[in-house]
Amino acid sequence: MFPTNFAWGAATSAYQIEGGWNVDDKGPSIWDTFCHEGGRLVFEGQSGDVTCNSYELWEEDLRCIRQLGLTHYRLSLSWSRLLPEGITRHVNQKGLRYYNKVINDLVASDVLPMVTLYHFDLPQALQDQGGWKSPEIAAIFDSYARFCFESFGDRVKLWITLNEPYVCAKLGHEDGIFAPGVKEPGMAAYLVGHNMLRGHARAWHSYNVLYRAKQGGSVSLAINSDWAEPLDPASPDDTAATERYLAFTLGWFAWPLFVTGDYPEVMRSSIEVRSKELGYQEGSRLPRFSKDEPSLLGTADFFALNYYTSRRVKPGECCPGVLGLKSDQDAEGVVDPSWPVCGVSWLAVVPDGLRKLLKYIKDTFNNPAVYITENGFSQVGPVDMEDVQRCGFYHDIIQEIARALREDGVDVRGYFAWSLLDNFEWADGFSVRFGLFHVDFSRPERPRTAYRSGREYAGIISKYRSQTMVNI
Ligand code: PNW
């Protein structure tokens, strides 16, 4: 039912699980700053200072990984743990040793690492120089990426340069609810997205030229997107709004990589229309890619998709005359009343939305190899170790992937559950739990205990792996 080499994984990210925020020469990141500054909107003033303490308790994480029977584990590197000032002039040897141990332990356990270079945690030293808004960041990211390929690429064959540039751009630089907390609607997000793409392209080209031949790995960028369909399928307005909705999330980053080397046409034209109304010059908000720089097109060796939820879409209720992404996009996503919402308000549970999105990706981006690099179900409120709803969710989503493979012919290569552990869920702090393992944050040992869903996921993996072995 699943290909023999299908990747059965789980994912985490450095800031959300490591803790050890200021030990052993680690430099601060923008999330350290964001959480430590007063007046920010992180739940109950919490932070990732300690969180799961995976910096000290990595072996506990490994035990969980082995207990699940994962074939793959997706982790991210803390840039400022490796390079405290963000640049390669100063390498933190203890950080290097930590990640070398993690990677070596995984490989020794027959678990293949998928490594994300950047998961929201920019070194503060680079933020102080303008961060992702500064054009120089692309070259700085590239040299960090080369440092990582050089240090770990003999053992790491699956790389993600950047996680969810959409979230970094929009939540970090438009809404200001994620670090670095910038609120410059309709301006900064486009610039940030642009520089992230430029940085990604350089890193991919570096890998291609300097490392691919000897290391033989693959490099991509993780794109998050809802599935979207028209609220009223018979309405041309809803259909057009749906096209804009997808163009401004998935398309923003996937079109440059997979289709044209540039943003989707409908994204450009929508922004242009609003810009004219507001008196901005053409091209002043959504930047243009320079012909003198490495091209974006073809700089993804596979499609890395983070899928959580779906929306039904109609034209926006806002707002000619207002500057902002929502106004440019002019599309409003609504949750169908039949969809259950799990935990956080944005997370309507729609497993078949994943199948539809995979089909759309196959048809739109020329049948790429796809890894689902994140997908999960959250719990809010009193802890429920017998999380039957989440168990049902994992069964359903894996059925949808099986259908995408078998019936739609999508080239799905793997699935990474978000997340291995309960962890620091950004602005929601520890109030939202995504783990397959429960973590008791009230105890210094941060004990990890499998939820029922963790045990069931292990069962699903072992069932399908033994079937694929019989198949061959
Ligand atoms: C992803 N939203 O982020 C991240 O990659 C993970 O680090 C995170 O823990 C996970 O999803 C669960 O939230 C998102 O508000 C953060 O729409 C916020 C949103 C979506 C994804």
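How many nonpolar, polar and charged residues are in the lining of the second largest pocket? By class, this lining holds six nonpolar, four polar and four charged residues. The structure is a predicted model, and the second largest pocket encloses about 250 Å³ of space. It is lined by 14 residues, and those closest to its centre are N5, A7, H72, L112 and Y371.

The largest pocket has a volume of about 1000 Å³. Its lining consists of 37 residues, with Y166, V167, L171, N224 and W346 nearest the centre. Four elements each give two or more residues to this lining: helix 8 (165-173), helix 10 (236-259), helix 12 (325-329) and strand 9 (331-334). Helix 8 provides the largest share, four residues. Sorted by class, the lining of the largest pocket comprises 17 nonpolar, ten polar and ten charged residues.

The largest pocket is also the space taken by the ligand. Around the ligand stand 13 residues, the closest being Q16, H119, E374, E425 and W426. This shell is made up of seven nonpolar, three polar and three charged residues. Two of the closest residues can be followed down to single atoms. H119 places a polar side-chain atom 2.8 Å from an oxygen atom of the ligand, and E374 does so at 2.9 Å from an oxygen atom of the ligand. In the side chain of W418, an N or O atom is 3.1 Å from an oxygen atom of the ligand. On its own the ligand has 450 Å² of accessible area, and the protein covers 87% of it.

W418 appears again in the backbone. The peptide bond that runs from W418 to S419 is cis, and its omega is near 15°. S419 belongs to the loop between strand 12 (412-418) and strand 13 (432-433). A second cis peptide bond is found between A179 and P180, where omega is about 5°. P180 sits in the loop between helix 8 and helix 9 (188-215). Most peptide bonds are trans, and most residues other than glycine have a negative phi. The phi of T51, a residue other than glycine, is positive, near 40°. The loop that holds T51 lies between helix 2 (30-36) and helix 3.

Helix 3 leads on to the enclosed spaces. The model has four cavities of 30 Å³ or more. The largest cavity contains about 80 Å³ of space. Its lining has 14 residues, and the closest to the centre are I17, E18, Y73, L75 and Y98. At least two lining residues come from each of helix 1 (14-17), helix 3 (54-68), strand 2 (72-76) and helix 5 (93-108). The lining of the largest cavity divides into eight nonpolar, four polar and two charged residues.

The second largest cavity has a volume of about 60 Å³. E18, already met in the largest cavity, is among the residues that line the second largest cavity too. Others in this lining include A14, Y15, G19, W21 and K26, along with R81 and D121. By class, the lining of the second largest cavity counts three nonpolar, four polar and five charged residues.

Definitions and conventions. Residues are numbered from 1 along each chain as its sequence is written. This is a predicted model: local features need pLDDT of at least 70, side-chain atom pairs count only at pLDDT 80 or more; totals for chains, interfaces and linings use all residues. Side-chain values use heavy atoms; hydrogens and water are left out. On a 1 Å grid over the protein atoms alone, a cavity is a set of points where a 1.4 Å probe fits but cannot get out, and a pocket is an open set with protein on both sides within 12 Å along at least five of seven lines; lining residues have an atom within 4 Å of a point. Grid points are joined across faces, edges and corners, and a volume is the space filled by probe spheres set on the points. Ala, Val, Leu, Ile, Met, Phe, Trp, Tyr, Cys and Pro count as nonpolar, Asp, Glu, Lys and Arg as charged, and the others, Gly among them, as polar. A residue is near a molecule or strand if one of its heavy atoms lies within 4 Å of it. A polar contact is a pair of N or O atoms within 3.5 Å; within protein, one must be able to donate a hydrogen and the other to accept it, and residues adjacent in sequence count only if both atoms are side-chain atoms. Accessible areas come from the Shrake-Rupley method with a 1.4 Å probe; for residues, only the protein chains shown count as cover. A molecule sits in a cavity or pocket if more than half of its atoms lie within 2 Å of its grid points.
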